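Here is a walk through one protein chain, from a space inside it to a helix close to the end of its numbering. Please keep the viewer open and follow along.

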Amino acid sequence: MSHAPLPSTASAEDLAARRDPLGDVLHLLQLTGTFYCVPELSAPWGIAVPDLDRQLVLIAVTEGACLVEFEDGKDLPLSAGQLVLLPHGRPVDIRDKPGSSLTPLFNIPATRHSPQFETMVHGGGGAVTRMTCGVLKVDHAAADRLVSLLPRAIFLDSYEPRAGAWVKTTLTYLAEEARNPRPGGETVLTRLTDILVVQAIRGWLENADNLATGWLAALRDPKIGRALQAFHQSPETGWTVAGLASAAGMSRSAFAARFKSLTGEGTMEYVSHWRMQLARADLRQGELSLAEIAARAGYESEAAFSRAFKKLTGRTPGSVRRG
């Protein structure tokens, strides 16, 4: 579907003001699926999910029901059409009912269809629960910071109006694809799982009522958010407090005070830490030379970059690249 062009009279400032800094961060949620599984579980059953090293875990129930049990003893019942996102990969137990015996997740036999996708049949032969599960990580400094601010669990019910009809349709499609696999089904299942993760985060952001201060509040602030958006889109630019204040349409002093009151960081402290997060991601990917990474972080020499990187992160660039 084509869209009508914007009026030619729209200025660059107008276009920037219309954009959503928080939406930009969601756009940077570069999810990498490390593990997808479609289990068919028959009562009684129980699965002990281990610590998954700060990765995002999605559990979407497409048929039947289950109980998600957290370390603090609190339980979350899930039934068909409901899902929970666990943003920090903390251990949880999942059972058909309280008291069912637990089996460690990676001790359960599964059928591996690809390095990242498998199906599983487990349990005692009773009532069946089917679900789609995904374990994912994020590969961008903005997304990593966003995930660190999320609660321990985000619940989404496809039957709630705020979820949108498409969530219910997506879960229904996942259920059908799991019951009757077709060519290309693995790709469909994994991509839809990724989309559900983003939708769960979006739903929480739209309904969170405790964002008066902090990084998310700064992104939502009409002026500070505009400056953050400009910086995030071009972090290698030689930004100064005055330059970011100009992007926000504020005086230097007012901008610096407002920025720190929202984020808890000085402007250039934020800039330095952000650039080092990006540099760490570049080092891990291993595609750029150290000189290129240093330049992208705003340093004229590899030596100066290496000193600053170690000071801020406690590690040398070489150790991050090797590890």
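Strand E11 contributes the most to the lining of the largest cavity, giving 4 residues. Keep in mind that this is a predicted model. The volume of that largest cavity comes to about 160 Å³, and 18 residues line it, with Phe35, Val49, Ile94, Leu105 and Cys133 the closest to its centre. Which elements give two or more residues to the lining? They are strand E1 (31-42), E2, strand E3 (56-63), E7 and strand E11 (128-138). If you search the whole structure, you will find 2 cavities of 30 Å³ or more.

Two of those lining strands, E2 and E7, are also worth following for their pairing. E2 (residues 46-49) runs antiparallel to E7 (residues 92-95), and 4 bridges join the pair. Look for alanine 48, whose bridge partner in E7 is aspartate 93. E7 also pairs with strand E4 (residues 65-69), again in the antiparallel sense, here over 3 bridges. In that neighbourhood, leucine 67 stands opposite arginine 95 of E7.

Now move along the chain to helix H12, residues 302-313. With 12 residues at 1.5 Å each, H12 should span 16 Å, and its end C-alpha atoms are indeed 16 Å apart, so the expected and modelled spans agree. Which residues of H12 are buried? Phe305, Ala308 and Phe309 are. Viewed down the helix axis, the buried residues of H12 fall within an arc of 105°, so they line one face of the helix. The spacing fits a general rule: an α-helix has 3.6 residues a turn, so residues three or four places apart point the same way. On the face turned away from the buried side of H12 you will find the exposed residues Arg307 and Lys311.

What covers the buried residues of H12? The cover includes helix H10 (267-285), helix H11 (290-296) and helix H13 (317-322). Just after H12 comes glycine 314, which takes a positive phi of about 80°.

Finally, zoom out to the whole chain. Its secondary structure comes to 13 helices and 12 strands, and the C-alpha trace spans about 65 × 50 × 40 Å along its principal axes. Of the 323 residues, 47% count as buried. Among contacts with a separation of 6 or more, 72% are between residues 24 or more positions apart.

Terms used:
Residues are numbered from 1 along each chain as its sequence is written. This is a predicted model: local features need pLDDT of at least 70, side-chain atom pairs count only at pLDDT 80 or more; totals for chains, interfaces and linings use all residues. Side-chain values use heavy atoms; hydrogens and water are left out. The expected span of a helix is 1.5 Å times one less than its number of residues. Buried means under 20% relative accessible area, exposed over 50%, partly exposed in between (1.4 Å probe, protein chains only). The arc is that of the directions from the helix axis to the C-beta atoms. Contact means heavy atoms within 4.5 Å. Two strands pair if DSSP finds at least two bridges between them. On a 1 Å grid over the protein atoms alone, a cavity is a set of points where a 1.4 Å probe fits but cannot get out, and a pocket is an open set with protein on both sides within 12 Å along at least five of seven lines; lining residues have an atom within 4 Å of a point. Grid points are joined across faces, edges and corners, and a volume is the space filled by probe spheres set on the points.
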